[in-house]
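Colleague: Before the model is discussed, I should like each label to be justified by its cut-off. Please begin with the terms for accessibility.

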Amino acid sequence: MKNMAKDKLDAKSLSNNLKRLSEITDWFENQEEIDVEGGLEKVKEAAILIKASKERLKAVENEFEEIAKDSES
């Protein structure tokens with residue numbers, strides 16, 4: 001039961017990460033003059049979000065593979 005709650009939290013985090021990455025992209029697209037310091041902070045945040053998202057996607061892929069193996073048995 002505990003894992004199910006964690007999975008739901010992780011799934012929500014992935015969704016939130018993707019939403020935040022979209023917001024960061026929009027920020028860059030809407031700048032008339034790039035704020036270099038602000039842009040650097042956005043890039044750092046995006047790098048962290050991308051890494052976390054890749055890790056979660058890999059975990060989801062592994063879960064799907066386990067389900068597929070179990071269904072073949």
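Modeller: Buried means under 20% relative accessible area, exposed over 50%, and partly exposed in between, with a 1.4 Å probe and protein chains only. This is a predicted model, in which local features need pLDDT of at least 70 and side-chain atom pairs count only at pLDDT 80 or more, while totals for chains, interfaces and linings use all residues. Residues are numbered from 1 along each chain as its sequence is written, and side-chain values use heavy atoms, with hydrogens and water left out.

Colleague: Why is Asn-17 called buried?

Modeller: The relative accessible area of Asn-17 is 15%, and buried means under 20%; therefore Asn-17 is buried. Across the chain, buried residues make up 16% of the 73 residues.

Colleague: What does Asn-17 touch, not counting residues up to four places away in sequence?

Modeller: With contact defined as heavy atoms within 4.5 Å, Asn-17 touches Leu-49, Ala-52 and Ser-53.

Colleague: What makes the pair Asn-17 and Ser-53 a polar contact?

Modeller: A polar contact is a pair of N or O atoms within 3.5 Å, where within protein one must be able to donate a hydrogen and the other to accept it, and residues adjacent in sequence count only if both atoms are side-chain atoms. The side chains of Asn-17 and Ser-53 are joined at 3.4 Å, so the distance satisfies the limit of 3.5 Å.

Colleague: Why is Phe-28 called buried, partly exposed or exposed?

Modeller: Phe-28 has 28% relative accessibility. This value lies between the cut-offs of 20% and 50%, so Phe-28 counts as partly exposed.
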